[in-house]
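Colleague: I am new to this structure and would like to understand the reasons behind the terms used for it. May I put some questions to you?

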Amino acid sequence: MPNAPRAGAMCAMEAESLRLQGNVLFAPVSLGMDLPPMYRSLLDPYTRHKPMSFSALSSRERMLTSQPRCFERAVLCNIVNMWRASRKHYGGQLMPKSAGRRAVEYFSRKFPEEFAAQHQLAAADSGAVFRVAFHQRSNGMRQIRNLEQVMQECRQWKPPEGSPFKSVDCVLLPDGTPDNHVKLIAQVQNVHAMVGTHGSGLAYSFFMPNGSGLVEVLSWSFHGQGCTWADQYFRLVADKDHVFRGSYGNKSIHVSSAYARDADVEIFFPTLAEALQKIALGELHTTPLNRKERTFHMRRLDM
């Protein structure tokens, strides 16, 4: 499922808001597909049962198995629309930070070796290193074409005066395959800003520490709905000169709104630096009312 990390994170948020735990069976609707392995890991803190898809739960093939088919109560939630901007998602009913921290505590107990190195890194940093993590999609779509150049520019960037940071560290996160799931959760504990193109992989910002920020890179004609759980969320919108047809688009046409979501982009680092500066200073926390202030447009300066 392309939305597995995000949808799994939303399931965990709903479980946290309802204070579900123990004898609970999760059955997300998966459109007939098998549940990704990370659903199990995201929901482990809330249940001792293995999650299964709703279609598998309701299948007649399970009538003669030991799988329960009668329940004391059922709670239905609309995962598809849960992430859309509304008051309950901004630190309200869904309790995103509580759910995220519970998952981090659970994984740190279960996989202490993955978190030990990050604890050592945090001790060495002494709170003075501002860490920027870039996420590059592994499926060949929505690529940051100049990622290497942007990371080099990032390493030359200086945190702003007035922030607690004295230096910067810019790193590339591993891809979000199931094998890297726990490693990613551990690594983002020492990340202050995550940068990446629109996609479910950005859901790993769900596990980042309080006060951290997410910078989502978007095409000029696809603005998405935005993230509502990051303490500091910024949208970096590329103009036509920074957007390119991706592998999914029809090669005979220009990048249009029909293919804009899956287009490749280039990042103009000075525009990204504006968002990084605000994150380092903690200037602009996410609210439903400051969306325009949290949106930056990349434009060519030599036109």
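Colleague: What makes cysteine 154 count as buried or exposed?

Modeller: Please bear in mind that this is a predicted model. Cysteine 154 has a relative accessible area of 0%, and the term buried applies under 20%. Cysteine 154 is therefore buried.

Colleague: To which residue is cysteine 154 joined, and why is the link called a disulfide?

Modeller: Cysteine 154 is joined to cysteine 170, with an S to S distance of 2.0 Å. A disulfide requires the sulfur atoms of two cysteines to be within 2.5 Å, so the pair with 2.0 Å between its sulfur atoms qualifies. The pair links distant parts of the chain, as cysteine 154 belongs to helix α7 and cysteine 170 to strand β2, 16 residues apart. Cysteine 170 has 3% relative accessibility and is therefore also under the 20% limit for buried residues. In the whole structure, the search finds one disulfide.

Colleague: Why is the disulfide of cysteine 154 and cysteine 170 described as left-handed or right-handed?

Modeller: The torsion about its S-S bond is about -75°, so the disulfide is left-handed.

Colleague: Where does helix α7 lie with respect to the sheet?

Modeller: Helix α7, residues 147–156, packs on the sheet and touches β1 and β2. The direction of helix α7 makes about 160° with that of β2.

Colleague: What is the order of the strands in this open sheet?

Modeller: Six strands form the sheet in the order β2-β1-β3-β4-β5-β8, with parallel pairing. Strands β2 (167–172) and β8 (295–298) each have a single partner strand, so they stand at the edges and one side of each is left without a neighbour in the sheet. On average, neighbouring strands are turned by 20° against each other, direction ignored.

Colleague: How many bridges join β4 to β5, and what makes these strands a pair?

Modeller: Six bridges join β4, residues 213–218, to β5, residues 232–238. Pairing requires at least two bridges, so these strands, with six, count as a pair. One of the residues involved is valine 217, whose bridge partner in β5 is leucine 236. Helix α9, residues 269–281, lies across β1, β3, β4, β5 and β8, and runs at about 175° to β5.

Colleague: How do you know that aspartate 169 and arginine 131 form a salt bridge?

Modeller: Their closest N and O atoms are 2.8 Å apart. The limit for a salt bridge is 4 Å, so the pair at 2.8 Å meets it. Aspartate 169 is in strand β2 and arginine 131 in strand β1, 38 residues apart. Side chains of opposite charge can pair when their charged atoms come close.

Colleague: Which residues are linked with Arg131 in a network of salt bridges?

Modeller: The network links Asp125, Arg131 and Asp169. Aspartate 125 also forms a salt bridge with arginine 131, at 2.8 Å between the closest N and O atoms. Aspartate 125, at 13% relative accessibility, counts as buried, as does arginine 131 at 5%. Aspartate 169, at 28%, is partly exposed, because that term covers values between 20% and 50%.

Colleague: What makes lysine 278 and glutamate 283 a salt bridge, and are they buried or partly exposed?

Modeller: The closest N and O atoms of lysine 278 and glutamate 283 are 3.1 Å apart, so they lie within the 4 Å limit. Lysine 278 is partly exposed at 24%, and glutamate 283 is partly exposed at 44%. By this rule, the count comes to six salt bridges.

Methods
Residues numbered from 1 in each chain as written. Predicted model: local features only at pLDDT ≥ 70, side-chain atom pairs only at ≥ 80, totals over all residues. Heavy atoms only, no water. Helix = DSSP H or I, 4+ residues; strand = E, 2+ residues; numbered from the N terminus. Axes fitted to C-alpha atoms, helices over the stretch in contact; angles between N-to-C directions. Contact = heavy atoms within 4.5 Å. Salt bridge = Lys/Arg side-chain N within 4 Å of Asp/Glu carboxyl O. Buried < 20%, exposed > 50% of the residue type's maximum accessible area, 1.4 Å probe, protein only.
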